[in-house]
Amino acid sequence: MSYSSTFSLVKFLIVPLKGSLLITIQKLKEPLNYLVFLSFPLPYLFLSFPVFIFNRAFFPFTLSLPFLSFYQGMLSTFLTKPKSNQRLCVWFKHQFTSLCNGIINESTMITRLNSRLHCFIKLTGSFITTSFLLPSSSRLCLQFTPHSTSLASLLHSTSFSNIDDRPLLSRYQKVTSLDHAFNLFDEMTQRRPLPSVVKFNQLLNAVSKMKHFSSCLYLFKQMCLIGVPVNEYSMNIAIKCCCQMSRTNDGFALLACCFRRAVVPYVFTFSTLLDGLIREDRIIEAERLFKKLIKHKLCEPNVVIYSTMIKGLCKVGNNDIAVGLLRLMDERGCKPNVVVYSTIIDSLCKDKLIDDAFKLFNEMVSHKGILPNVITYTSLIHGLCNLCRWDKVSKLLKEMEDLRISPSLRTFNILVDAFCKEGRVDEAEAVIDIIVERGEVPDIVTYSSLIDGYCLRGEMTKARTLFDSLTSKGLVPNVVTYNSLLNGYCKSLKIEEAMHLFHEITRKGLKPDIVTYSGMLQGLFRVGRCGAARKLFDEMQSQGLIPNECTYGIILDGLCNNHKVDEALSLFHMVGDSRLNSHIVVYNILIEGASKCRKLDIAKALFHDITLKGLQPHVRTFNIMISGLCREGQLKEAKGMFLKMGESGFPPNNVTYRVLLLGYLI
DNA sequence: CATGTGCACC
C-alpha cells in the first residue's frame with residue numbers, strides 16, 4: 001500500500017474515532033503496523049488528523065522502532081523535566097525495563113501505557129492542533145524520522161559525560177567554514193561516549209549562523225540518526241533553518257517531530273514559527289497561530305512573540321492594529337521594549353507617517369523611559385530622508401551624538417543613498433569619507449547607492465569606473481549594483497552597454513531579477529525597440545518572474561510612447577480586473593497615451609472608468625485630461641474639469657495652471 | 001546551546 005493510500009485510509013478512520021485523544025490501533029493487519037492517532041474532540045476548533053503513521057515499510061528494522069523512540073522520548077522528558085511527575089517516571093521506567101527484558105510484550109506495554117499516556121499527550125499534544133501540519137509535513141516527518149535507537153544509545157543518553165567536551169567547546173567557536181564544521185561533526189560522532197547535545201547544538205548554531213541552512217538540517221538529521229537525544233534547542237535551530245529558507249511548513253513538520261521525541265515546544269519554538277509565517281507573508285495563518293497560542297495557553301506570550309506579531313501586522317500595513325497590540329501587551333503585563341517600539345516606528349516611517357512615528361518615539365522615551373537605540377534612530381532618519389527633511393535629520397544625528405549612540409554603517413548608507421537620490425553626490429562622497437575616517441569599511445550597499453547617484457546625473461564614466469574598481473576593494477557587485485548601472489545606461493540610452501551588462505549578470509552567476517528586466521525593458525522601449533522588448537518580456541516570464549505593477553507600467557508606457565496605444569489598451573483589457581489594473585498610474589499612462597494619439601473619446605471613457613472602479617483620480621490624472629482637452633481645443637470642457645478638481649478635493653497645482661494657460665494661449 | 005527591530009535597484 002502506498003503512503004498516500006495509507007493516508008486516505010487514515011482519513012477514513014478519523015471520523016468514527018473523533019473524540020479520543022490517543023488511540024493505538026493494533027487490530028489493523030499489515031502493512032499498517034501501528035497507527036498512532038491524535039484527534040481532537042472539538043471539531044470546530046481543531047482539525048482532526050492523524051499525526052503519525054508508522055508503516056513498517058518505512059522502518060527497515062526488526063524492532064518496532066517508532067514506538068521505541070516514542071518511549072525513549074517520553075522517558076527523556078520524564079528524566080529531564082524536573083517538574084514532571086516522579087511517580088509516573090518511576091512507573092514508566094519499570095514498564096520500559098519489563099519490555100526490554102521481554103517480561104511483557106509490546107501490546108501489553110501499549111495497553112498499560114494507554115491510560116497513562118493521556119496526561120502526557122495533553123501536555124505535549126495540544127500544539128499539534130495548529131492545523132498546519134499535514135499533509136505537507138508527512139514528507140518531512142519521514143525524512144527526519146528519528147530512529148535513534150539502539151538500546152545502547154538510549155542508555156547512553158541517560159549517562160552523559162561532559163568530561164571530554166572541553167576541547168570541543170573551544171573548537172566549535174572557531175568554526176569558520178562549512179568543511180570545518182563537517183569535519184568537527186564527524187569527529188564528534190566518533191567519540192564515545194558522544195559529546196553532550198549542547199556541543200552538537202553549538203555546532204548546529206554555528207552552521208546556521210553561516211546561513212548554510214540545508215547543511216544545518218542535514219547535520220540535525222544525522223544527529224537524530226546516530227541517537228543524539230536532540231532537545232528543544234536543537235529543534236529550534238532546525239526549525240529556524242526551515243523558516244529562513246522560506247519553508248515554514250517544514251518547520252511545522254519538525255514540530256511534529258518534536259512531539260515524536262517528546263520535546264515540548266515552547267515560546268522560542270513558537271516565535272520562530274510565527275516569524276517564519278510572517279517572512280512568507282502568511283499573515284492570516286500567523287494571526288491564527290498567535291491567537292491559538294494565547295487562547296489555548298500553549299505558551300506564555302513574551303515580548304518577542306508580541307513583537308514578531310506586531311512586525312507581521314506592520315508588514316501588511318496594519319499600523320493601527322499593531323499599535324493596538326502594543327497597548328494590549330502592555331495591559332496584559334508584558335512590557336514593550338525598544339524592539340517593539342522600533343518595529344512600529346519603522347513601519348510608520350516607511351508609510352511616510354513621520355509625525356505619528358515621532359509621537360510614538362516621544363511616548364517611548366518620555367513616558368515609558370525606554371532608551372532608543374541606533375536602530376530606532378536609523379528608522380527615523382530614513383523616514384526623514386524620504387521626505388527630504390534634512391534639517392530634522394541633522395538634528396537627530398546631533399541627538400545621537402549627545403546620547404553617545406554611534407551611527408552604524410546602515411545609518412551612513414541611508415544618508416549616502418538619500419544624498420545620491422537628491423543628486424547631491426558630493427555630500428554622499430563626504431559621508432563615505434566619514435565612514436572611512438571612523439575606521440569602518442563602506443560595503444557594496446554604500447557603493448551601489450553611489451553608482452546610482454552618478455547614473456542619475458548621467459555621469460556614466462564615473463559610475464563605470466567605480467563599478468570596475470569594486471573588485472579591487474574586495475567587494476562583489478550584486479544584482480542591485482548591476483541594476484543601478486544598467487538603469488543608468490538605459491536612461492542615457494546606451495542600450496548596447498546595458499545589454500552587455502545584462503548578459504554579464506548571468507555570466508557572473510547572478511540571476512537578473514524583476515528590477516533588472518523592468519529596467520532593461522524600459523531602455524528598449526525608450527530607443528524604440530519594441531520587438532526586442534517583447535522578446536525580453538517573454539524571456540522574463542519563462543524565467544518564472546512575474547511582472548509587477550512597475551513592469552506593467554513600463555510596458556504600457558513603452559507601448560503608448562511608441563504609438564502602439566491599441567496594443568497597450570488590449571493589454572489593459574486582457575489584464576482585466578486584476579490587482580495590476582487597480583492603480584491610478586495605469587490610467588494616467590493610458591489616458592495620456594490615448595489623448596496624445598488624439599483618441600480623446602477613449603481617454604474620456606477611461607477617465608470615466610476610474611470612478612466606476614472605485615479608484616480616485618490623481619491631480620496628475622486631471623492635468624493629463626485638461627491637457628488633452630486643450631490640445632483638441634475643447635476649452636470649455638477643460639475648464640469644467642478644472643472646476644471639478646476643486647470639488648473632488650484635489651486642488652489644482654502649478655502644472656494645472658500652466659497646462660490650462662497654455663491651452664488658452666494656443 | 002535558541003527567538004524579535006533598521007539599508008541598496010525600477
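**Where the protein meets the DNA**

A residue is near a molecule or strand if one of its heavy atoms lies within 4 Å of it. Residues also fall into classes: Ala, Val, Leu, Ile, Met, Phe, Trp, Tyr, Cys and Pro count as nonpolar, Asp, Glu, Lys and Arg as charged, and the others, Gly among them, as polar. With those terms in hand, the surface near DNA strand B has 15 nonpolar, 24 polar and eight charged residues. This is a predicted model, where local features need pLDDT of at least 70 and side-chain atom pairs count only at pLDDT 80 or more, while totals for chains, interfaces and linings use all residues. Residues are numbered from 1 along each chain as its sequence is written, chains are lettered from A and ligands numbered from 1 in the order in which they are written, and side-chain values use heavy atoms, with hydrogens and water left out.

Which residues come nearest to DNA strand B? Of the 47 around the strand, they are N201, Y266, S271, S408 and K421. Looking from the DNA side, 47% of the strand B atoms within 4 Å of the protein belong to sugar or phosphate, and the rest to bases.

**Three polar contacts**

A polar contact is a pair of N or O atoms within 3.5 Å; within protein, one must be able to donate a hydrogen and the other to accept it, and residues adjacent in sequence count only if both atoms are side-chain atoms. On DNA strand B, a polar side-chain atom of N205 sits 3.3 Å from a phosphate oxygen. For S342, the partner is a base oxygen at 3.2 Å, and for Q522 it is a sugar or linking oxygen at 3.2 Å.

**A look at helix α26**

Helices (H or I, at least four residues) and strands (E, at least two) are DSSP runs, numbered from the N terminus. Helix α26 covers residues 495-507. Buried means under 20% relative accessible area, exposed over 50%, and partly exposed in between (1.4 Å probe, protein chains only). In α26, I495, A498, L501, F502, E504 and I505 are buried. Their cover includes α24, α25, α27 and α28. After α26 comes G509, with a positive phi near 80°.

**Cysteines without a bond**

How many disulfides (cysteine sulfur pairs within 2.5 Å) does the structure hold? It holds zero. The sulfur of C388 has its closest cysteine sulfur in C385, 8.3 Å away, so the gap is too far for a bond. C388 is partly exposed, because its relative accessible area is 37%, whereas C530 is buried at 15%.

Methods. The expected span of a helix is 1.5 Å times one less than its number of residues. Contact means heavy atoms within 4.5 Å. A disulfide is a pair of cysteine sulfur atoms within 2.5 Å.
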